[in-house]
Every structure is written in C-alpha cells, then in structure tokens.
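Let's look at how a few labels get earned here, setting values against cut-offs.

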Amino acid sequence: MIPLSVLDLAMVPDGATSSDAVVQTTAVAKAAEGMGYTRIWVAEHHNMTTVASTTPAILMAHLAANTNHIKVGSGGVMLPNHAPLAIAEQFALLEALYPGRVDVGVGRAPGTDRETALALRGARAAESEDFPRNFIDLMGLLGDVRGENGLWDRFRATPAATSSPSIIPLGSSGFSAELAGVLGLPFGFAHHFDMGGTVEAVSIYRDAFKPSPVLDEPYTIVTASTIAAETAERAEWLATPARLRRLGLRTGQRIAMLSPEDAAVHPEYERAMQMQVSSLVGTGDEVVAGMHELAERTQASELMLYTSTYSLEDRINSLELIATRWIA
C-alpha cells in the first residue's frame with residue numbers, strides 16, 4: 001500500500017483567529033501521526049484572510065516540536081519570494097533540530113498576488129528570476145551539490161551539518177516535473193489545484209528522470225482534495241464551504257471559510273455546486289476507491305490529502321475514515 005500524507009494550510013474559519021488556525025493545524029498533525037500518515041506539509045500563502053500559514057519554516061518547527069516522528073515539510077516554500085541562502089538557513093536549522101524529519105517542498109509560484117509578491121521581495125523585486133539556478137544553489141547549500149560552482153562555494157547554511165533535509169520540487173505544470181526528473185529528485189504535483197494536466201506532468205517527470213545520489217527511480221507525490229464522512233450526503237454538505245472558496249479563487253472573489261449552514265445560503269451557492277471539481281467526496285469507502293483510481297492513473301508513489309472543512313473535528317474524522325480503510 002502506498003503511503004499517505006497530509007497537506008494543511010492552517011485555514012482560518014469564519015469567526016476564528018490566526019491562533020485558532022495554528023492550534024487546529026497542530027491538532028491535525030498530532031492526529032495524523034497517530035493514524036500512521038507519513039508526513040504533514042504546510043503551505044506558504046500571503047495576504048489572505050483565510051490562510052494563516054505564511055511562513056512554513058516557523059509553523060514546521062512548532063509542528064515537529066509537538067509530534068514525535070511524522071515528517072514535517074513545506075508544501076511549499078516559494079523560492080521566488082526568498083534568497084536561496086535565507087531558505088537554506090531556515091531548513092538547515094530545522095534539520096539540526098529534527099534530523100531526518102524535514103522536507104523542503106519548493107514551489108515556483110509566488111503564493112499570492114503580484115502586489116504582495118513585490119512587497120515581500122523588496123529590493124529583490126527588480127531582479128530577473130532564474131528559478132533553476134536558484135534551485136541548484138539551494139540544493140548545494142543544503143548539501144546536494146550539482147555543478148562545479150555556486151553559492152555553496154562561498155556560504156554555509158549551517159556550520160557543521162550532520163544530515164540534510166529532503167528537497168522536493170513542487171508544481172502544477174510540466175516545468176517543475178521535468179526539472180525534478182533531470183535532477184533525479186522526488187516530485188510533488190498539485191492535483192488538488194484542479195488545473196488538470198496531472199497525468200501529463202507525471203509522465204514528463206518519469207520520462208525525464210535520471211537516477212541520482214538521492215533516488216534510483218522516480219518518486220511522485222500527488223495531492224488530492226478529500227472529504228470523507230459517515231454518509232455521502234454529509235460529506236457533500238461538509239464540502240460546500242470548500243466549493244465556495246474554490247469558486248472564489250477561480251473568479252477573483254475572496255470568500256471566507258464559512259460554516260456549511262452559511263455556505264448553503266451564500267449567493268454563489270448554486271454556481272459553486274454546479275462547478276466541476278476533482279475533489280474526492282463521499283463515504284470513507286467511496287473516497288478510498290477514488291484514491292486508488294487516482295494512484296493507478298498517475299502511478300503515484302504517495303498520496304497527500306488536502307482536507308478543507310470548517311470544523312476541525314470533521315477534518316480529523318475524514319482523515320481517520322480514510323486511513324482505516326486504506327490500511328485495511
């Protein structure tokens with residue numbers, strides 16, 4: 001059975017606070033560890049009213065301190081927003097604190113709108129972006145040297161590392177897929193973005209893959225939106241707020257993470273319910289069946305579940321219903 005993991009955005013439900021969101025994500029991490037999930041990743045998003053996860057490294061440190069063995073990672077840290085040395089220092093320190101438990105999932109998108117991205121980058125905003133070069137520098141700074149020269153020749157992310165975090169390119173297109181394959185790294189595809197192209201991207205990755213000191217063969221992590229409940233009707237009810245938020249993302253509206261009751265009377269409810277999505281929603285058995293189909297279709301080495309519900313209890317219950325059936 002292929003491993004299962006969790007992606008969490010530290011969502012701020014309507015009426016809650018950032019502190020509430022972090023407490024909930026911590027509870028999810030603890031529960032996921034107890035259920036046998038392999039890793040929990042947190043995202044980098046900025047200037048969003050519904051997402052508290054702005055700085056993955058800080059939240060990862062907290063989650064690792066409150067768990068025992070589950071891997072913690074960024075899903076992802078957005079390289080264009082930061083200097084490679086800054087990211088390397090953060091994750092080298094995390095690795096020193098929690099050896100063997102740290103994943104550096106690296107994304108190419110800004111994780112926000114253009115204006116916010118420019119504010120984040122400050123003086124670096126005028127620089128031309130060279131993602132592959134910056135990625136190679138990040139790898140080298142964290143101990144995986146590829147090439148004859150780079151930032152690793154002059155700088156150290158940490159004085160005396162004894163281990164290195166896992167570096168995993170993330171993407172929703174063929175660009176990062178090909179880069180991950182050429183470098184012989186694992187690859188994470190954001191299937192939960194609902195942008196299509198999943199099978200094509202993982203095929204590009206597998207075709208481009210070259211064995212490396214890190215991997216002998218391809219390793220693909222595919223994310224999936226999942227909500228499981230005791231009945232299909234309840235699962236669909238719980239999924240309504242997430243559908244509204246997805247509609248908002250597609251149409252440029254900022255819609256709060258509402259309760260299912262409030263979502264059902266939202267002006268955009270009907271439109272959201274008619275929207276095509278790739279989410280797996282239903283009973284535990286139905287969701288697991290969909291996960292098996294997705295894993296077979298994408299040749300996934302691991303599935304990472306993104307569960308967006310208003311209630312913490314419903315999120316944990318969904319993960320448990322899936323885990324017990326997946327293991328069985």
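Q: Why is Arg 39 called buried or exposed, whichever it is?
A: This is a predicted model, to start with. Arg 39 has a relative accessibility of 7%, and buried means under 20%, so Arg 39 counts as buried.

Q: Where is Arg 39 found, and what is it in contact with, leaving aside neighbours within four places in sequence?
A: Arg 39 sits in strand 2, residues 39-42. With those neighbours set aside, Arg 39 is in contact with Leu 4, Ser 5, Val 6, Ile 70, Lys 71, Asp 103, Tyr 219, Ile 221, Glu 302 and Met 304. As for Gly 73, it is 34 residues away from Arg 39 in sequence, with 7.4 Å from C-alpha to C-alpha.

Q: How do you know whether Asp 314 is buried or exposed?
A: Same kind of check: the relative accessibility of Asp 314 is 15%, and the cut-off for buried is under 20%, so Asp 314 counts as buried. Asp 314 belongs to helix 12. Not counting residues up to four places away in sequence, Asp 314 touches Arg 234, Leu 238 and Thr 309.

Q: And what makes Glu 286 buried, partly exposed or exposed?
A: Glu 286, a residue of helix 11, has a relative accessible area of 44%. Buried would need under 20% and exposed over 50%, so Glu 286 is partly exposed. Between Glu 286 and Ile 322 there are 9.4 Å, C-alpha to C-alpha, at a sequence separation of 36 residues.

Q: Why are helix 1 and helix 12 called roughly parallel, and not roughly antiparallel?
A: Helix 1 (residues 18-35) and helix 12 (residues 312-327) have axes that cross at roughly 15 degrees and come within 10 Å. Angles under 35 degrees count as roughly parallel, so helix 1 and helix 12 get that label. Helix 1 supplies Gln 24, Ala 27, Val 28, Ala 31 and Met 35 to the contact, while helix 12 brings Leu 312, Arg 315, Ile 316, Leu 319, Glu 320, Ala 323 and Ile 327. Sorted by class, that contact has nine nonpolar, one polar and two charged residues. The crossing itself is right-handed.

Q: What puts the buried residues of helix 7 on the same side?
A: The buried residues of helix 7 (residues 198-208) are Thr 198, Ala 201, Val 202, Tyr 205 and Ala 208. Around the axis they cover an arc of only 130 degrees, which is why they lie on the same side of helix 7. Their cover includes helix 6 (174-183), strand 7 (187-189), strand 8 (220-229) and helix 11 (284-298).

Conventions. Residues are numbered from 1 along each chain as its sequence is written. This is a predicted model: local features need pLDDT of at least 70, side-chain atom pairs count only at pLDDT 80 or more; totals for chains, interfaces and linings use all residues. Side-chain values use heavy atoms; hydrogens and water are left out. Axes are lines fitted to C-alpha atoms, for helices over the stretch in contact, and angles run from 0 to 180 degrees between N-to-C directions. Helices (H or I, at least four residues) and strands (E, at least two) are DSSP runs, numbered from the N terminus. Angles under 35 degrees count as roughly parallel, over 145 as roughly antiparallel, 65 to 115 as roughly perpendicular and the rest as oblique. A crossing is left-handed if the near helix is turned anticlockwise from the far one by less than a right angle, and right-handed if clockwise. Contact means heavy atoms within 4.5 Å. Ala, Val, Leu, Ile, Met, Phe, Trp, Tyr, Cys and Pro count as nonpolar, Asp, Glu, Lys and Arg as charged, and the others, Gly among them, as polar. Buried means under 20% relative accessible area, exposed over 50%, partly exposed in between (1.4 Å probe, protein chains only). The arc is that of the directions from the helix axis to the C-beta atoms.
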